[in-house]
Amino acid sequence: MMRQNPGPAPLLEVRDVSKSFGAVAAVAGVSFPLYAGEAHALVGENGAGKSTIVKMLAGVHRPDTGTLVLDGAPVDFGSPAEARAAGIAVIYQEPTLFPDLSVAENIVMGRHPRGRLGMIDRAAVRAEAEGLFSRLGVRIDVERPARGLSIADQQIVEIAKALGADARLLIMDEPTAALSLVEVERLFTVAGTLREEGAAIMFISHRFEEITALCQRVTVMRDGRHVSTDPIDDLTVEEMVRRMVGRDLDALFPKQEVEPGAVVLEVEGLARQGVFRDISFSVRAGEIVALAGLVGSGRSEVVQAVFGVDERDAGSVRLKGKRLRAGSPRAAMAAGMALVPEDRRQQGLLMDLSIERNVNLPRSGALARLGFLFGGGERREARRWTERLRTRYGRLSDAVGTLSGGNQQKVVLAKWLATDPRVLIVDEPTRGIDVGTKAEVHRLMSALAAEGVAVLMVSSELPEVLGMADRVLIMREGRIVAEIPRAEATEDSVMFAAMGQEAAA
Amino acid sequence: MNATKAATPRRRMAAPQAIFSTVFKARESGIVLALILLIAFTATRNSRFLSAQSIRDILLGTAILAVLAVGQAIVMITRNIDLSVGSVLGLSAFAVGSLLRDNQGVPVIVALLAGLVLGGACGVLNGVLVRFGQVPALGTLYALRGVNYLWAGGQQINADRLPESFLDFGNQAILGVPWLVLIGLVVLAVATIVLRGYRAGRELYAMGSSPQAAELAGIKVSRNTIAAFLVSGALAGLAGVLFAARFGTIDAAAGTGYELNVVAAAVVGGVAVFGGSGTVWGASLGALLLTVIGSCLAVLDINQFWQQAIVGALILLAIGADRLVASRVARALRKRDSHV
Ligand SMILES: Nc1ncnc2c1ncn2[C@@H]1O[C@H](COP(=O)(O)OP(=O)(O)OP(=O)(O)O)[C@@H](O)[C@H]1O
Ligand SMILES: [Mg+2]
């Protein structure tokens, strides 16, 4: 068993593990090492099995075959508690917060600092939470309940929770999906420090610039199988993508040029106290308008108010000249508007229902008008859209909750695309979606615009904004501060407007 | 290092908290208001309602119901429900009654402990069945009641067969506070401290707030669930002893239908049906309200049937109010910026 050339022994080794769910082989014979003091990226398309690996390391799932070797000895985690006790902290892909409890308590749950008589030391709880947030450079009120936090803030709380556990192995499953650039940088600084202190890090992301910035080694997975493990410097991004997808990818942003038609969506003087004000803009048929800006600048709130999910205090929304009733998503949908929300788990899907049911949900009124739902029609429609988005699933009748994170996103997209909207509002269209499908989502949006749909897109990804938008509206602190046409939109001009004085300083 | 932070004005963070304490106060002050109106109205109709005897009856009744409601609140916080409490109360009352009838020398404290242990055992059984057996909560209600009927048959234990000291315990006071009320207050205080100040208590809230997240956070969900049922069962057993001491007359039907009142007390007192929030103090206040309502109806000579109907209506009202408040709060929280 002696090795010829013994490098440092890995902190944890994944050895030939497999895991199936019914007929789906989620992970099949995967092996790779995690070294102390090293950040290790795990990449692969949606449904490749990344989160399943995470859950085996976290004690949520037991491997069907194969072993996990910790410090040279095989371990068998029977529960998340055991993995935690072994020094493994996990940021899961889905938020796992307790909505009724305070942010601080969410962070320390299960390991509350204790004082006199074994009682919880409230001051210490508070101080620990605030200390973690200041390390991450964010300010979140630690006493407020977790219910109602924005997605970005939820993700920050998850990160703080994992950092607070003082782990030897920190696993992060797409922790950055909802974060802005500044927050990602902060996270990476903190992660870098942990790594230098000797912790092992496992990092999952669909953004390659993050992977190359943080990680020293990368493991590629495809269809549940291990493809390769290499030092990051030995691998170009193109090669990584080729191994993930198993083929060469075509150009990333195939935007079609479309001559815009009549104005379809008109928003005037929209305001909500303390959130945004003076929001006026319009979108023409065939046009793609991007709403850009930093996370927290009020973009998602604006589109939610336009669609009527949230109330508004002032202003009007017109669709083809007809005024929409405020605060009524039903009216907006009836008029031909669709919104793909930012928070897809909470607002977009019914986890226990089947894929086909979820895809057809917004239209079940229309489909059922004949008196009953046609199972066949429902299935055909669901298959068409999920296939266009390359969704990976076992059967259409499976519960949406069993899909991988990215595939759930695709189902939400499919669901709204299937409504055949005249105005499509998409909040972060490609969040959590793999490279291969990103291009497909963009192609679809572009094709819809070409068919005369007015598209309004909120996006934090600059390449997406620059590649897709005919016009870019930039929000800062609840107001639209600039409008930049496609020809003048560059990384610099958009970022400058979004940051305002901060960038000038 | 928090110098800058401390200097930051807290104006934005005040909002959600203010909403929370308002909601909290709204519930408690609503109950207090209802109590005042109810008592005032009944007192003007019948002056005997405010006699010392009547007030004592209300307090003793509240004490027993509150002990049950505290246990129920603990279970409901974990997103479960214990429908066996009435049956456990009946079983414990009859068992302890028989024990005392046959052994007149047994001290009160032993009787109380016997009730706690018997109830706790029933609670563990209940918890295991609910957690691992997928037995509907109603199952144990009928099973335990059935045991009680088999055992007691048509028997009735009467006050004249019970030791004097035991009956005194049920009806006398120490320093002006009836023993039963004292016990109720101790139970309430201990439960409050554990739920607010100890890891175990906070884990119960976490489990009710998100069962999946609790599992992922390494909380021992099964163990805690069974523990919650154990406490609820033990308190129901204790309540059975208090019941026996207060009434002296026990048959196989003792405590029948109590579970509805207990759930109502908890829900009216602000314990969420879907777990994760509520306090034992609120549940006890709910117990007081329900006892006063029962007493008013009796004084006003209103049909027993109405009492059931009113309890049912109160539950629905409380759940409806919870839903409404929850969605308001959620909206308000979403509106505010979370950053301080
Ligand atoms: N609990 C489950 N029940 C059934 N199937 C499951 C379950 N969990 C995962 N799967 C399946 O296992 C496969 C791998 O899923 P996994 O979540 O590991 O993917 P992933 O690589 O994390 O993808 P993504 O990038 O979309 O997050 C998917 O096909 C998924 O449908
Ligand atoms: Mg995943």
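This briefing covers the domain layout of chain A, the contact between two of its domains, the surroundings of ligand 1 and a selected salt bridge. The model is predicted, and chain A is divided into domain 1 (12–97 + 149–245), domain 2 (249–336 + 422–505) and domain 3 (352–420). Domains 1 and 2 are each given as two sequence segments, whereas domain 3 is given as one.

**Contact between domain 2 and domain 3**

- On the side of domain 2 of chain A, 16 residues are in contact with 12 residues of domain 3 of chain A.
- The area buried between these two domains of chain A is about 1100 Å², and carbon and sulfur atoms give 70% of that area.
- Within domain 2 of chain A, the residues that lose the most area to domain 3 of chain A are Met333(A), Thr437(A) and Leu444(A), which together account for 36% of what that side buries.

**Polar and charged links across this contact**

- Between domain 2 and domain 3 of chain A the count is one salt bridge, and the count of residue pairs in polar contact, with both residues at pLDDT 80 or more, is likewise one.
- Lys410(A) and Asp434(A) meet through their side chains in a salt bridge, with an N to O distance of 3.9 Å.
- On the side of domain 2 of chain A that touches domain 3 of chain A, the elements that give two or more residues are β17 (423–427) and α16 (435–450) of chain A.
- Of the elements on that side, α16(A) gives the most, with six residues.
- The residues of that side of domain 2 of chain A divide into nine nonpolar, two polar and five charged.

**Surroundings of ligand 1**

- There are 21 residues around ligand 1, and those that come nearest are Lys50(A), Ser51(A), Thr52(A), Ser404(A) and Gly406(A).
- Side-chain N or O atoms approach oxygen atoms of ligand 1 at Asn46(A), where the distance is 3.0 Å, and at Gln93(A), where the distance is 2.9 Å.
- At Ala48(A), by contrast, a polar backbone atom is the partner, lying 3.2 Å from an oxygen atom of ligand 1.

**A salt bridge between distant parts of the sequence**

- Over all chains the structure holds 31 salt bridges, and one of these joins Glu45(A) to Arg390(A), with the closest N and O atoms 2.7 Å apart.
- Because Glu45(A) lies in the loop between β3 (39–43) and α1 (50–57) of chain A, and Arg390(A) in the loop between α14 (375–388) and α15 (405–417) of chain A, the pair ties together parts that are 345 residues apart in sequence.

Notes:
Residues are numbered from 1 along each chain as its sequence is written. Chains are lettered from A and ligands numbered from 1 in the order in which they are written. Side-chain values use heavy atoms; hydrogens and water are left out. Domain bounds come from an automatic or database domain assignment. Contact means heavy atoms within 4.5 Å. Buried area is the accessible area (1.4 Å probe) that two parts lose on being put together, summed over both. A salt bridge is a side-chain nitrogen of Lys or Arg within 4 Å of a carboxyl oxygen of Asp or Glu. A polar contact is a pair of N or O atoms within 3.5 Å; within protein, one must be able to donate a hydrogen and the other to accept it, and residues adjacent in sequence count only if both atoms are side-chain atoms. Helices (H or I, at least four residues) and strands (E, at least two) are DSSP runs, numbered from the N terminus. Ala, Val, Leu, Ile, Met, Phe, Trp, Tyr, Cys and Pro count as nonpolar, Asp, Glu, Lys and Arg as charged, and the others, Gly among them, as polar. A residue is near a molecule or strand if one of its heavy atoms lies within 4 Å of it.
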